Structure formats: C-alpha cells, structure tokens
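Student: I'm new to this one. Could you walk me through it with a few questions and answers?

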Amino acid sequence: MVIYSYRCAGCGEFDVRLPMGRAGQELPCPDCGAVAARRFGTRGVLRGSAALTRAVEAAEGTAERPGVVSGPSPRSRGPRVSRDPRHARLPRP
C-alpha cells in the first residue's frame, strides 16, 4: 500500500492509501465530493535505515536554523603534513 496525496480546491489536502499503481489523476474529495487533483511527492516513500532517517532529519532540521559552534571541533589538528618523499621535491610558494 502506498500513500497518495490529493488536493481539493475547497477543503485542502488529504491522503489516500491505495495499492501501488492504482491511484488516478483525480479523485472525489471525501468531505465535499468535488474533484481533487493528485499531488506528487515523496510522502509515502521509505527512506532506508533508521540511521539514515535520523541523518536526513538532522540535516533538514538545520536547513533553516544552523547550529551555533563556539570553535573548531576537538579533532581538528591543523595543517596536514605529507610523508611522501615525492612531495618534498615539489616547488614551494
């Protein structure tokens, strides 16, 4: 079963659970009976694992109001130094 969204001009949005591929472009509104047009989106689609869902929700939550930081993360160590001997022969600025 998939959740399909429809929008009635008078009553607003409503959802209908139907088997996949059985939703039409228009349905009668359950409240007033007027023709409601189908809306396309990802409302009834599963995102994946619980960890992925939490990560997506955390990213969406900071889209409008990013988190405030007081400084660099404790893991930052400064500039990275290469130990490759070929890099020592490169010209320096």
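Student: What radius of gyration does the protein have, set against a compact globule of 93 residues?

Tutor: Keep in mind that this is a predicted model. A compact globule of 93 residues would come out near 12 Å. For the protein here, the radius of gyration is 26 Å.

Student: And what box do the C-alpha atoms fill?

Tutor: Picture a box laid along the principal axes. The C-alpha atoms fill one of roughly 75 × 30 × 30 Å.

Student: Which order do the elements follow from the N terminus on?

Tutor: There are 2 helices and 4 strands to place. Reading from the N terminus, the order is β-β-β-β-α-α.

Student: How much of the protein is made up of buried residues?

Tutor: Here a residue counts as buried when its relative accessible area is under 20%. Out of the 93 residues, the buried share is 12%.

Student: Which element gives the largest share of the largest nonpolar core?

Tutor: In general, nonpolar side chains in soluble globular proteins tend to be buried together. The largest nonpolar core here has 9 residues: Val2, Tyr4, Tyr6, Cys8, Phe14, Val16, Ala23, Cys29 and Ala36. Two or more of them come from each of strand 1 (2-8) and strand 2 (12-18). The largest share, 4 residues, is from strand 1.

Student: How far apart in space are glycine 33 and cysteine 8?

Tutor: Glycine 33 is in the loop between strand 3 (26-28) and strand 4, while Cys8 belongs to that largest core. In sequence, glycine 33 and cysteine 8 are 25 residues apart. In space, C-alpha to C-alpha, the distance is 9.1 Å.

Student: Is glycine 41 buried or exposed?

Tutor: You'll find glycine 41 in the loop between strand 4 (35-39) and helix 1 (50-61). Its relative accessibility is 65%, and the cut-off to pass is 50%. Glycine 41 therefore counts as exposed.

Student: How far is glycine 41 from aspartate 84 in space?

Tutor: Along the sequence, glycine 41 and aspartate 84 are 43 residues apart. From C-alpha to C-alpha, they are separated by 50 Å.

Student: What does proline 91 count as, buried or exposed?

Tutor: Proline 91 sits in the segment after helix 2 (85-88). Proline 91 and proline 72 are 19 residues apart in sequence and 30 Å apart in space, C-alpha to C-alpha. With a relative accessibility of 73%, proline 91 counts as exposed.

Student: How far apart are the centres of the positive and negative side chains?

Tutor: Start with the counts: 16 side chains are positive and 8 are negative. The centres of those two sets are separated by 16 Å.

Student: One more: what part of the exposed area do carbon and sulfur atoms supply?

Tutor: The protein exposes about 8,400 Å². Of that area, carbon and sulfur atoms supply 55%.

Conventions. Residues numbered from 1 in each chain as written. Predicted model: local features only at pLDDT ≥ 70, side-chain atom pairs only at ≥ 80, totals over all residues. Heavy atoms only, no water. Buried < 20%, exposed > 50% of the residue type's maximum accessible area, 1.4 Å probe, protein only. Core = buried A, V, L, I, M, F, W, Y, C linked by side-chain atoms within 4.5 Å. Rg over C-alpha atoms; globule rule 2.2 N^0.38 Å. Areas by Shrake-Rupley, 256 points an atom, 1.4 Å probe, with all protein chains shown as cover. Lys, Arg positive; Asp, Glu negative; His and termini not counted. Charge placed at Lys NZ, Arg CZ, Asp CG, Glu CD.
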